[in-house]
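Biologist: I am new to this structure and would like to learn how to read it. Could you show it to me and then take my questions in turn?

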Amino acid sequence: MASALKNLSEYSARNISDISQKKFGIVVAEWNDAITNKLLEGAYQTLLKHGAQESNILVQTVPGSFELSLGAQWLAQESDIDAVICLGCIIQGETRHFDFIAAAVAQGITAVSLKYNKPAVFGVLTPNTQAQAEDRAGGKHGNKGDEAAITAIKMLGFYPLSNA
Ligand code: DLZ
């Protein structure tokens, strides 16, 4: 599996942009909050490390990952938000709930990104076990929150008009 081989906190410097004037919305799911709080910490600290101002990082929570899409839309529709980062953790259970939530939130976040023409990042873990989640939330495979923040930064660096 790809993420088993890759440290989620590693990245190249390509397209790392000046984000000192950029405004970020982070929407975090409360389900599995022991994990999502670590994803949030990773994303938040990564944005700060790259020059974002604390006053330009807006954090909101939603009950579960299924609600990330609407939370992302409410943030993305604000004209001063440049990028939205969605953080969640959906752990495979005994029922098909996992599949429905994972598919819905992936499609929902994609739709928000295309509708508002701004990055909406899928920072959602979909592990089989709690241990796999921990490995990817500041554990041996790094932190998916770091990766999500870097993705937002790189997408802002990609789009020429966002740097105008
Ligand atoms: C219901 C549910 C279940 C079973 N599992 C998770 C999960 O692993 N991760 C997560 O973020 N949310 C889960 N939820 C809650 C749903 O995302 C959603 O909040 C509810 O179905 C209400 O719409």
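Modeller: We will go through the ligand, two loop residues, the salt bridges and the cysteines.
This is a predicted model, in which local features need pLDDT of at least 70 and side-chain atom pairs count only at pLDDT 80 or more, while totals for chains, interfaces and linings use all residues. Residues are numbered from 1 along each chain as its sequence is written, and side-chain values use heavy atoms, with hydrogens and water left out.

Biologist: Which residues surround the ligand?

Modeller: A residue counts as near a molecule if one of its heavy atoms lies within 4 Å of it. Here the ligand is surrounded by W31, N32, G64, S65, F66, E67, C89, I90, I91, H97 and I101. Sorted by class, this shell has six nonpolar, four polar and one charged residues. In that sorting, Ala, Val, Leu, Ile, Met, Phe, Trp, Tyr, Cys and Pro are nonpolar, Asp, Glu, Lys and Arg are charged, and the others, Gly among them, are polar.

Biologist: Where do N or O atoms of the protein come close to oxygen atoms of the ligand?

Modeller: Look for polar contacts, meaning pairs of N or O atoms within 3.5 Å; within protein, one must be able to donate a hydrogen and the other to accept it, and residues adjacent in sequence count only if both atoms are side-chain atoms. The side chain of S65 has an N or O atom 2.7 Å from a ligand oxygen, and for the side chain of N32 the distance to a ligand oxygen is 3.4 Å. C89 uses its backbone: an N or O atom there lies 2.8 Å from a nitrogen atom of the ligand. The protein covers 73% of the 480 Å² of accessible area that the ligand has on its own, an area found by the Shrake-Rupley method with a 1.4 Å probe (for residues, only the protein chains shown count as cover).

Biologist: What is the phi of N32, and where does this residue sit?

Modeller: N32 has a positive phi of about 55° although it is not a glycine. Its place is the loop between β1 (24-29) and α2 (33-49); such helices (H or I, at least four residues) and strands (E, at least two) are DSSP runs, numbered from the N terminus. N117 also has a positive phi of about 55° without being a glycine, and lies in the loop between α4 (97-116) and β4 (120-125).

Biologist: Is each of them buried, partly exposed or exposed?

Modeller: Buried means under 20% relative accessible area, exposed over 50%, and partly exposed in between (1.4 Å probe, protein chains only). N32, at 23%, is partly exposed, whereas N117, at 55%, is exposed.

Biologist: How many salt bridges are there?

Modeller: A salt bridge is a side-chain nitrogen of Lys or Arg within 4 Å of a carboxyl oxygen of Asp or Glu. The count comes to two. One joins the side chains of D80 and K23, at 3.0 Å from N to O. D80 lies in the loop between α3 (68-76) and β3 (83-89) and K23 in the loop between α1 (2-5) and β1, so the pair ties together parts that are 57 residues apart in sequence. E147 and K144 form a salt bridge with their closest N and O atoms 2.8 Å apart. These two residues are three apart in helix α6 (residues 144-158), which means a separation of about one helical turn.

Biologist: How many disulfides does the search find?

Modeller: A disulfide is a pair of cysteine sulfur atoms within 2.5 Å. The search of the whole structure finds zero. For C86, the nearest cysteine sulfur, that of C89, is 15 Å away. C86 is buried at 0% relative accessibility, and C89 is buried at 2%.
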